[in-house]
Amino acid sequence: MLAHPDLTKAANPITYVSKTSAPTLFMHGTADTIVSPSQTDLVFQALQKQGIPSERYLLKGAAHGGVYWQQESVFDIITAWFDKYVKG
């Protein structure tokens with residue numbers, strides 16, 4: 001049993017997923033040793049269940065940061081996302 005379930009719930013992003021959540025783009029490296037790619041999948045699935053537009057991309061071999069993220073293909077995904085959901 002958790003010592004502080006209320007704090008754990010408050011720290012869990014799934015707690016805040018609802019039908020009014022914003023469209024969300026997830027990009028995660030498969031070699032991320034800081035945050036498991038399964039964590040973004042949990043939130044992604046929760047958003048999908050609520051019908052919230054969301055996309056999840058896994059970048060093969062990418063760690064939590066670094067040069068893998070500085071590729072034109074990554075920038076293209078981000079730009080397309082912003083064009084669709086922010087620019088309108």
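Colleague: Which are the buried residues of H2?

Modeller: Pro37, Thr40, Val43, Phe44, Ala46 and Leu47 are the buried residues of H2. Buried means under 20% relative accessible area, exposed means over 50%, and partly exposed lies in between (1.4 Å probe, protein chains only). A word on the model: it is predicted, so local features need pLDDT of at least 70 and side-chain atom pairs count only at pLDDT 80 or more, while totals for chains, interfaces and linings use all residues. Residues are numbered from 1 along each chain as its sequence is written, and side-chain values use heavy atoms, with hydrogens and water left out.

Colleague: Why is phenylalanine 44 called buried?

Modeller: Its relative accessible area is 14%, and the term buried applies under 20%, so phenylalanine 44 counts as buried. Phenylalanine 44 sits in helix H2. Beyond its neighbours within four places in sequence, phenylalanine 44 is in contact with Phe26, Ser54, Glu55 and Arg56, where contact means heavy atoms within 4.5 Å.

Colleague: How far apart are the C-alpha atoms of phenylalanine 44 and arginine 56?

Modeller: They are separated by 6.9 Å, with the two residues 12 apart along the chain.

Colleague: What do the buried residues of H2 pack against?

Modeller: They pack against strand E1 (24-29) and strand E2 (54-59). Helices (H or I, at least four residues) and strands (E, at least two) are DSSP runs, numbered from the N terminus. The chain has three helices and two strands, and along the sequence they follow the pattern α-β-α-β-α.

Colleague: How does the reach of helix H2 compare with the expected span?

Modeller: Helix H2 (residues 37-49) has 13 residues and reaches 19 Å from its first C-alpha to its last. The expected span of a helix is 1.5 Å times one less than its number of residues, which gives 18 Å here, and the model comes close to that. Just after H2, glycine 51 takes a positive phi of about 80°.

Colleague: Why is phenylalanine 75 called partly exposed?

Modeller: Phenylalanine 75 has a relative accessible area of 43%, and partly exposed covers what lies between the buried and exposed cut-offs, so the label fits. Phenylalanine 75 is found in helix H3 (residues 72-87). Leaving aside neighbours within four places in sequence, phenylalanine 75 is in contact with Trp69 and Gln70. The C-alpha atoms of phenylalanine 75 and threonine 33 are 23 Å apart, with their positions 42 residues apart along the chain.

Colleague: What makes isoleucine 14 partly exposed?

Modeller: Isoleucine 14 has 32% relative accessibility, so it counts as partly exposed. Isoleucine 14 lies in the loop between H1 and E1, and touches Leu42, Val43 and Ala46, not counting residues up to four places away in sequence. From isoleucine 14 to threonine 40, 26 residues apart along the chain, the C-alpha atoms are separated by 10 Å.

Colleague: Which elements have the lowest and the highest mean pLDDT?

Modeller: Helix H1 (residues 5-11) has the lowest mean, 90, and E1 the highest, 97. Here pLDDT is the predictor's confidence in each residue, from 0 to 100. The chain averages a pLDDT of 93, and 98% of the residues score at least 70.

Colleague: What share of the whole chain counts as buried?

Modeller: Of the 88 residues, 22% count as buried. Among contacts between residues at least 6 apart in sequence, 63% join residues at least 24 apart. The C-alpha atoms fill a box of roughly 45 × 35 × 15 Å, taken along the principal axes.
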